[in-house]
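Me: I'd like a close look at one part of this model, the charged side chains and how they pair up. Could you walk me through it once the structure is up?

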Amino acid sequence: MLYGRETEVAAINRLLAAARAGRSGALCVHGEAGVGKSALLDHAERAAAAEGLRVLRAVGTETEAELPFAGLHLLLNAYDGRLDDRLDELAPPQAAALRGALGGTLGRARGGASPGEDRFLVGLATLTLLSDLAEDRPLVCLVDDTQWVDQASVEALVFAARRLRCEGVVLVFAMRDDPEVPPIRGIPELRVAGLTERDAAALLADLSPDLPAQVRARVLAEANGNPLALIELPRSAGDEVWSPVSPLPISHRVQRAFVSQIERLPARTRSLLTVAAADDSGEIGVVLRAARMLAIPVGAIEPAERAGLLTVTGGVLRFRHPLVRSAAYQRAVLGERSAAHQALARAWDEDQDADRRAWQLAAAATGPDDEVADLLERTARRAAERNGHAAVVAAYERASQLTTDPREMVRRAAAAALAATDAGQFARATALTERVAKSAEDPADKALLSVVRGLVHFEYGSPRESGRALVYGAGQVAEIQPGWSGKLLVIGVHNAWHGADGQVVADGVARLRELRLPKDDPIVPYIGGLEALNRLVNGDVPGAYPLLREFAARARDVVPETDWLRQFTAQLLLIAGQDPALVHDLAAAMVADWRVTGQIGHLTTGLHHLAYAQILLGRHKVAAVTGAEGLELATDIGLRPIAAHFSSWLAWLAALEGDEERCRALATEGIRYGEDHKSPHSVLSAQWALALLDLGMGRHRAAFDRMSEHWRGWSFVASRSVADLVDAAVHIDDLDAARGPLAQVEEWTAGSEEEWAVAILLRCRAMLGPASRAEELFLEALELHQKSDQPYEQARTWLAYGEWLRRRRRKHEARTPLRNALESFERLGARLWTERARNELRAAGDRTASRKPEAEAATSLTPQELQVARLAATGATNRDIAAQLLISPRTVGRHLYNAFPKLGVSTRAELARLDFDVAL
């Protein structure tokens with residue numbers, strides 16, 4: 001019976017009921033040691049089993065926290081079927097990733113394929129596998145002592161938990177409150193507090209009915225509602241743990257109570273408990289082999305079993321509570337612990353269990369030991385092959401600590417710091433870098449430490465500092481490794497440009513030109529584009545545009561050799577505002593590749609480029625879908641800079657739709673991040689979104705004031721948003737205020753060969769210039785729009801021309817451009833502008849305009865429903881779609897179930913006949 005846990009039990013029961021109904025859910029149960037978290041998981045296990053649900057359970061242990069995917073392996077090993085067969089059903093990249101992560105028999109059975117370079121691919125495979133395991137009956141996964149589960153396993157399970165929807169899968173994590181262990185982001189929390197006085201008294205009366213009144217009162221006071229303390233303190237009522245009243249936390253007091261119980265055991269039993277506590281596997285055979293090496297007989301375990309301190313079931317040794325284990329280990333002196341670890345290292349197989357053996361030897365070491373350091377470096381390399389980045393950090397860091405040679409010590413610490421950035425442990429990366437920075441003498445080590453600093457600064461939202469660190473690092477290896485130096489300079493200049501640091505950009509470009517790079521080096525075609533960035537950030541905008549156009553003209557012939565160069569190509573073209581169709585094709589190809597390979601970090605960046613290209617091409621509905629997926633992924637994996645940009649552009653799209661609440665919420669995120677981290681482009685994009693919202697809603701003065709305040713200096717946002725500034729100025733009859741910004745943009749883009757960009761400038765001239773030339777300029781702009789794929793900008797020009805004609809009482813002539821504008825805005829889903837065009841058309845005497853059915857369909861689907869429907873229309877299966885969209889096949893089915901009636905279809909064949917580009 002669980003005393004005083006009605007609220008907690010009800011929360012767990014709701015999750016189980018939802019699973020029975022086919023819905024998924026997750027919960028993080030947390031609280032102090034001994035408060036009853038494991039008891040709640042016991043309840044969940046019993047209740048789920050009684051109702052026929054499948055249950056998988058795993059428990060984290062301190063000494064396994066550095067073994068990559070040990071927790072996931074333990075959880076999946078609880079499956080009662082053939083797990084190997086289930087892995088065969090996954091998409092090949094996912095199966096390879098999970099096999100490589102799990103290692104052991106599963107990994108060797110199919111060659112142990114490496115999961116690739118993206119640490120989230122294992123999470124995607126876990127998502128699909130859990131969904132598959134729940135096909136025949138709901139699945140409940142219980143993870144106890146999550147604070148000690150290795151980070152790789154936690155990442156994979158949490159990634160799956162956030163993306164499970166309608167599979168009937170429940171994940172419950174239980175973890176101890178610990179300021180050194182970060183909380184699980186994105187999972188609902190349930191904090192378990194101590195019992196009330198009434199419930200604590202009832203529990204104590206049930207457990208120890210014969211306890212004297214004085215002792216009972218003391219136990220209740222000491223326990224402070226902690227159930228484990230209520231159980232254990234009475235057993236030590238006569239020991240020193242009771243005198244005087246201890247100021248220690250509950251967990252320490254209970255642990256002292258366990259120490260008291262252990263001290264009563266025979267000496268050999270205490271020694272065996274030390275070995276068992278030093279073990280990280282729970283395998284009784286390993287513990288007993290190690291014990292024999294220390295001349296401890298097998299029978300020594302029996303007194304501990306009779307005392308209830310541990311159990312042995314099915315070859316697995318389990319302590320009654322983690323605090324028992326801590327007590328058994330910490331009561332031993334250094335020599336006893338070191339001997340236990342040495343024996344355990346010898347008990348493991350040198351080849352099959354090399355990682356456990358290396359960690360045991362490291363735990364046994366009492367000073368520098370180069371041989372053990374070498375073993376740990378091999379462990380780190382194996383962990384890297386399995387994408388266990390947190391384990392790589394731990395192994396390299398400990399290897400560095402055990403290394404005698406200063407050069408090797410720095411090299412290993414730098415490797416640990418770099419791995420920490422891969423693991424998302426940026427504070428740890430910083431600490432490691434600072435610890436060895438002064439000792440670093442080798443240029444390659446200095447460069448690597450600078451790369452770490454650059455990655456950390458970028459993650460913390462300081463592209464300016466990131467650029468400085470990377471350019472400095474590039475200088476360290478310019479002579480010895482010019483290729484690496486060139487790569488660092490390209491990335492450093494790009495980051496410094498985003499941080500508006502003109503000096504670092506100029507310095508980086510100058511160094512890049514001085515590098516002795518062979519003509520076939522892959523970054524050579526990008527030097528002109530980088531010089532353009534230098535000119536842009538340092539005020540020479542007219543001088544930058546020819547270089548950007550030159551790069552754009554050659555971009556179709558440039559074949560980027562690596563993923564980061566593919567991304568940089570798209571980024572340069574977007575900055576230039578050149579050839580959005582090429583950017584779209586390039587980004588779409590990147591996204592398709594990274595969906596197949598599951599490289600989620602790269603995929604997020606690719607989605608950012610794709611969404612922006614779709615916006616430039618006027619494919620707003622699809623851009624909203626792409627952006628929503630990208631924002632969710634960026635948030636899930638902690639890419640805050642990209643998340644801010646997604647928020648800003650989604651705010652812009654929300655402004656077009658007239659969704660004021662969503663627009664303001666998203667823009668606020670972009671502005672907050674940009675202001676906090678000196679990222680001006682994020683701020684400008686978000687402010688533009690808010691100005692566009694004001695403009696569409698007829699708040700012309702507010703739109704003009706906002707644009708005037710934030711429209712200063714060159715940026716790709718400023719060059720595109722000038723048309724809205726002009727539009728607002730026309731409506732408040734302040735034309736002179738808009739002429740200056742327009743003149744700047746015309747100077748910046750002089751000689752532009754992009755028809756859509758010239759068309760926008762012509763439209764602005766028509767709106768600000770003399771009436772005698774306005775119509776000629778409008779018609780010239782519309783002619784250029786016909787040559788480019790920019791339906792939104794074309795619709796804006798139709799609208800401006802129609803409004804101009806109506807204001808001159810040429811109502812009949814105005815109707816045609818206004819109808820064209822209305823139809824385009826409807827197809828784009830730009831509701832505010834649709835209403836504006838409809839109102840203008842009515843004012844021009846045409847009252848026949850009505851909303852088209854396909855436009856209704858466009859607005860009825862959620863972004864993910866639209867995404868799923870489009871893929872299903874191509875003939876992709878649910879499993880194929882799930883792999884691409886990083887969701888489960890059941891979630892795909894649910895989206896199709898919801899989308900069919902909205903689209904008026906009932907089969908996939910009918911879906912395939914829909915023209916999504918027109919209707920949606």
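How many salt bridges does the structure hold? And please take a few of them apart for me, partner by partner.

Reply: Sure. Keep in mind that this is a predicted model. The structure holds 62 salt bridges, so let's pick out a few, with the usual cut-off of a Lys or Arg side-chain nitrogen within 4 Å of an Asp or Glu carboxyl oxygen.

Start with R468, which has two partners to look at. One of them is E465, and the side chains meet in a salt bridge at 3.2 Å, N to O. This is a local contact: both residues lie in helix α24, which covers residues 463–476, and they sit three residues apart, about one turn of the helix. As for cover, R468 is partly exposed with a relative accessible area of 37%, and E465 is partly exposed too, at 29%.

Now go to the other partner of R468. The side chain of D501 meets that of R468 in a salt bridge at 2.9 Å, N to O. Here D501 lies in the loop between α25 (482–498) and α26 (502–514) while R468 is in helix α24, so the pair ties together parts that are 33 residues apart in sequence. D501 is buried, with a relative accessible area of 4%; that label applies because the value is under 20%. So R468, at 37%, is partly exposed, whereas its partner D501 is buried.

Next, try R796 and D727, whose side chains meet in a salt bridge at 3.3 Å, N to O. This pair links distant parts of the chain: R796 belongs to helix α41 (residues 791–807) and D727 to helix α37 (residues 716–731), 69 residues apart. Both ends are under cover here, since R796 counts as buried at 5% relative accessibility and D727 counts as buried at 4%.

Pairs aren't the whole story, either. D374, E377, R381, E408, R411 and R412 are joined into one network by salt bridges that share partners.

Finally, have a look at some charges outside the salt bridges. On the surface, R809, K811, R842 and R847 gather in a patch of positive charge. To be counted in a patch, a residue needs over 30% relative accessible area and no salt bridge. Take K811 as the example: its place is in helix α42, residues 811–828. K811 is partly exposed, with a relative accessible area of 40%, so it clears that 30% bar.

Terms used
Residues are numbered from 1 along each chain as its sequence is written. This is a predicted model: local features need pLDDT of at least 70, side-chain atom pairs count only at pLDDT 80 or more; totals for chains, interfaces and linings use all residues. Side-chain values use heavy atoms; hydrogens and water are left out. Patches are made of residues with over 30% relative accessible area and no salt bridge: like charges are joined within 9 Å, nonpolar side chains (Val, Leu, Ile, Met, Phe, Trp, Tyr) within 5 Å. Accessible areas come from the Shrake-Rupley method with a 1.4 Å probe; for residues, only the protein chains shown count as cover. Lys and Arg count as positive and Asp and Glu as negative; His and the chain ends are not counted. The place of a charge is taken as NZ of Lys, CZ of Arg, CG of Asp or CD of Glu. Helices (H or I, at least four residues) and strands (E, at least two) are DSSP runs, numbered from the N terminus. Buried means under 20% relative accessible area, exposed over 50%, partly exposed in between (1.4 Å probe, protein chains only).
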